[in-house]
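Q: I'm new to this one, so please give me a close look at how the strands pair up. Then carry on to any aromatic rings worth knowing about.

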Amino acid sequence: VQLAESGGGTVQPGGSLRLSCVASGSGFSINSASWYRQAPGRQRESVASISRFTEITYADSVKGRFTISRDNAFKTIYLQMNNLEPEDTAVYLCSANIATMTRRQDYWGQGTQVTVSS
C-alpha cells in the first residue's frame, strides 16, 4: 500500500486549496486517516482526522476553515482548506491506518508543500 498526496501549491492569504491523498494497492481498506503538517523549525502537528465511521476532529487553529472528508470507493482522503493564512504554510502529510486480511498498519505519504504568501 502506498499513499500519495497532491494538490499543494502557492496561494495568497484568503485563498483555498484542496489536498488529496490516494491510497493505492490491493486488498485493503482504510480505517482512520489524518492530515498532519510540518513547518520549518516546528514540530509536526495533527491538522484533522477522520475515523472509519466519519468521526472528525480538527486542530483548533484550523476549525471553521478546513474540512476533512473521505471517499471510500476511491480510497481517497481530502482536505479542503479555505481562508488560508501565512501560518498555514507547511508540508502537509497524509497518514492512514490500513487494514488487510492479516493486519493493520499505519502508512504515511511523502507530503505536499503548501505555501501561503502575498
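A: Let's start with a ground rule: two strands pair if DSSP finds at least two bridges between them. Strands themselves are DSSP runs (E, at least two residues; helices are H or I, at least four), numbered from the N terminus. This is a predicted model, where local features need pLDDT of at least 70, side-chain atom pairs count only at pLDDT 80 or more, and totals for chains, interfaces and linings use all residues. Residues are numbered from 1 along each chain as its sequence is written, and side-chain values use heavy atoms, leaving out hydrogens and water.

Now the sheet: it's an open one with four strands, running β1-β3-β8-β7, and the pairing is antiparallel. At the edges you'll find β1 (2-6) and β7 (66-71), each pairing on one side only. From one strand to the next, the twist averages 15 degrees, going by axes, which are lines fitted to C-alpha atoms (for helices, over the stretch in contact), with angles from 0 to 180 degrees between N-to-C directions.

Zoom in on β1, which pairs antiparallel with β3 (residues 17-24) over five bridges. Glu5, for instance, has Cys21 in β3 as its bridge partner.

As for rings, there's one aromatic pair. Tyr36 and Trp108 sit 4.9 Å apart, centre to centre, with 45 degrees between their planes, so they count as tilted. The rule: rings of Phe, Tyr and Trp (its six-membered ring) pair if their centres lie within 6.5 Å; planes under 30 degrees apart are stacked, over 60 edge-to-face, the rest tilted. The pair links distant parts of the chain, Tyr36 in β4 (residues 29-38) and Trp108 in β10 (residues 104-108), 72 residues apart.
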